[in-house]
Amino acid sequence: MALTFDVEHGDQPAHPDGTRHVLETLTDRKVVATMFIQGRWAQANPSLARDLADHGHLIGNHSHHHAPMSWLSPKAFDQDVRLAERAIRRATGHDPRPWFRCPFGDGSEDPAIRSALDRIGYRETSWHVDPFDWRGKATGPGVARLVIEEATAHGDGAVVLFHPWSRATGRALPLVIDGLRAAGARFVRMDELS
Ligand SMILES: [Zn+2]
């Protein structure tokens, strides 16, 4: 299965070192994941963005401004994706193509948005398991229980969505990794999912 993280400017209540903490947990437990990076976040945090790539995590594009993609004109759409692409390349040294994740999942099922992405070299990358880890009331054990249950129910190829700036995510992640591993799961990047 694939653990995926939307690496972005967090909502409240954001954990200032959340993304660093997630990286440390993944490193400690020898797990590779996929990081959908917001362009503006990469500009603000170039060394952490570089660290994510240097630790072997797959780098994707999570737009520049984090606006719902369906609100953008075709021109603004292309500009936003390209701006993010340049910022991510500059910070990480990696081309995020073809991996793209729509902010808020908005437009992820929309054929017009999917083909607009396709024209500029991207494919929208959705998820199967969303533990709503960003909610103020989310707890580490609660998020972990939900992810383990739903990822196990989905089985092979499950893609899990996390937000690394959420406090609950940092607490849930070791439980998720250990719990799913005990159940026989193997963690891969999106480009290794068959
Ligand atoms: Zn996002």
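These entries record what I looked up in a predicted model.

**Entry 1: the zinc ion.** I began with the metal and listed its protein donors. I found three residues named there: Glu 8 through OE, and His 62 and His 66 each through NE2. The donors lie 1.9 to 2.0 Å from the zinc ion. I then noted the spacing of the donor residues in sequence, which reads E-x53-H-x3-H. I also checked exposure for the two histidines; His 62 and His 66 are both buried.

**Entry 2: the largest pocket.** I next looked up the largest pocket and recorded a volume of about 350 Å³. Its lining comprises 20 residues, and those closest to the pocket centre are Glu 8, His 66, Phe 104, His 163 and Trp 165. I note that Glu 8 and His 66 in this group are also donors of the zinc ion. Sorted by class, the lining holds 8 polar, 7 nonpolar and 5 charged residues.

**Entry 3: the nonpolar cores.** I turned to the largest nonpolar core, which has 37 residues. The members that touch the most others are Leu 3, Phe 5, Leu 26, Met 35, Ile 37 and Phe 162. Helix 7, residues 167-182, is the greatest contributor to this core, with 6 residues. I also recorded a second, separate core of 10 residues, with Phe 77, Val 81, Ala 116 and Leu 117 among them.

**Entry 4: Leu 3.** I selected Leu 3 and set aside its neighbours within four places in sequence. The remaining contacts of Leu 3 are Val 31, Ala 33, Thr 34, Val 160, Phe 162, Leu 173, Ile 177, Phe 187 and Val 188.

Key: Residues are numbered from 1 along each chain as its sequence is written. This is a predicted model: local features need pLDDT of at least 70, side-chain atom pairs count only at pLDDT 80 or more; totals for chains, interfaces and linings use all residues. Side-chain values use heavy atoms; hydrogens and water are left out. Donors are N, O and S atoms within 2.8 Å of the metal (3.2 Å for Na, K and Ca); water is not among the atoms, so sites may look incomplete. Buried means under 20% relative accessible area, exposed over 50%, partly exposed in between (1.4 Å probe, protein chains only). On a 1 Å grid over the protein atoms alone, a cavity is a set of points where a 1.4 Å probe fits but cannot get out, and a pocket is an open set with protein on both sides within 12 Å along at least five of seven lines; lining residues have an atom within 4 Å of a point. Grid points are joined across faces, edges and corners, and a volume is the space filled by probe spheres set on the points. Ala, Val, Leu, Ile, Met, Phe, Trp, Tyr, Cys and Pro count as nonpolar, Asp, Glu, Lys and Arg as charged, and the others, Gly among them, as polar. A nonpolar core is a set of buried Ala, Val, Leu, Ile, Met, Phe, Trp, Tyr and Cys residues joined through side-chain atoms within 4.5 Å. Helices (H or I, at least four residues) and strands (E, at least two) are DSSP runs, numbered from the N terminus. Contact means heavy atoms within 4.5 Å.
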